[in-house]
Amino acid sequence: MEGPARPGRWKEYCQHRVCLQDPRKSALNLIQEAYTDLWWHLVCCQLFSRTTAGPVVMATIASFLKTHTTPASILEADKADIEAAVSALGLHEIRQKALKCMSEAFLAKDCKLPSELHGCGSFADESWQIFCRGQTSSKGVQDRFLRQYLSWLKTGKQAAAGTDGSAKPTRPRKRKMELAP
């Protein structure tokens, strides 16, 4: 039997689903900094911001998580209500289905990492490790904004482009050679 129904597993199940720290707010203003009370909120943010960015995402997430506070509330909601709530982001039918699948798995499975949920990958895992579990090492972190956040945690300063390994090195331009007639 999966999930919290096994005897003695309820406390572990609950502790694994809450944030173990209150992340510091940086000048980077990453969306993950604001939504870590349940890591389910963090993965919702990741799903919402997958193909869209900026103020529209921030406003949609804030509004959505006020009315759909738990995975159970997603499962109880009408498909049309969820689609309407995320319509400003586009791909509303796909996001609605992913939210339903994620919520169901979050409640039914004893997931150890967000990537075990539908629609989540390594970015969700890295965000969870940093913002919910307090990881401060940038070793293995692929996302450049997450690496910048970790650099900021260590130094208190926002890293300049490229100093955290986030920017691709530039190649010298090849000069065009003119052929003599």
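Contact here means heavy atoms within 4.5 Å. Keep that in mind for the close-ups below, and remember that this is a predicted model.

**View 1. M102 and the residues it touches.**
Leaving aside its neighbours within four places in sequence, M102 is in contact with W40, V43, C44, L47, L117, H118 and C120. M102 is also one of the residues with the most contacts inside the largest nonpolar core, together with L99 and L117. That core has 30 residues. Which helices each supply at least two residues of this core? They are α2 (39-48), α3 (55-67), α6 (92-108) and α7 (122-131). The one that gives the most is α2, with eight residues.

**View 2. Another core.**
Apart from the largest nonpolar core lies another one, made of nine residues. Among them are L28, L30, I130 and L146.

**View 3. Helix α6 from end to end.**
How well does the length of α6 fit what you'd expect, and what is its span? With 17 residues at 1.5 Å a residue, α6 should span 24 Å, and its end C-alpha atoms are indeed 24 Å apart, so the two values agree. Now look for the buried residues of this helix: they are R95, Q96, A98, L99, K100, M102, S103, A105 and F106. Notice that M102 and L99, which you met in the first view, are on that list.

**View 4. A salt bridge along α6.**
Side chains of opposite charge can pair when their charged atoms come close. How many salt bridges does a search of the whole structure find? The search finds one. In it, the side chains of E93 and K97 meet, at 3.4 Å from N to O. Both residues lie in helix α6, four residues apart, which is about one turn of the helix. An α-helix has 3.6 residues a turn, so residues three or four places apart point the same way. Are these two buried or exposed? Neither, quite: E93 has a relative accessible area of 44%, so it counts as partly exposed, and K97, at 45%, is partly exposed as well.

**View 5. Aromatic rings between α7 and α8.**
A pair of aromatic rings is described by the distance of the centres and the angle of the planes. The count for this structure comes to three aromatic pairs. In one of them, the rings of F131 and Y149 have centres 4.6 Å apart and planes at 45 degrees, so the pair is tilted. Because F131 lies in helix α7 and Y149 in helix α8 (residues 144-155), this pair ties together parts that are 18 residues apart in sequence. F131 is buried, with a relative accessible area of 0%, and Y149 is buried too, at 1%.

Y149 also pairs with W152, and this pair is tilted as well, at 5.7 Å centre to centre with 35 degrees between the planes. Y149 and W152 are three residues apart in helix α8, so about one helical turn separates them. W152 is buried, with a relative accessible area of 11%. Put F131, Y149 and W152 together and you have one aromatic cluster.

**View 6. Cysteines without a bridge.**
A disulfide is a covalent bond between the sulfur atoms of two cysteines. How many disulfides are counted in this structure? The count comes to zero. Why is C44 in no disulfide? The nearest cysteine sulfur, that of C45, is 7.0 Å away, and a disulfide needs the two sulfur atoms within 2.5 Å. C44 is buried, at 1% relative accessibility. Another buried cysteine is C132, at 0%.

Definitions and conventions:
Residues are numbered from 1 along each chain as its sequence is written. This is a predicted model: local features need pLDDT of at least 70, side-chain atom pairs count only at pLDDT 80 or more; totals for chains, interfaces and linings use all residues. Side-chain values use heavy atoms; hydrogens and water are left out. A nonpolar core is a set of buried Ala, Val, Leu, Ile, Met, Phe, Trp, Tyr and Cys residues joined through side-chain atoms within 4.5 Å. Buried means under 20% relative accessible area, exposed over 50%, partly exposed in between (1.4 Å probe, protein chains only). Rings of Phe, Tyr and Trp (its six-membered ring) pair if their centres lie within 6.5 Å; planes under 30 degrees apart count as stacked, over 60 as edge-to-face and the rest as tilted. The expected span of a helix is 1.5 Å times one less than its number of residues. A salt bridge is a side-chain nitrogen of Lys or Arg within 4 Å of a carboxyl oxygen of Asp or Glu.
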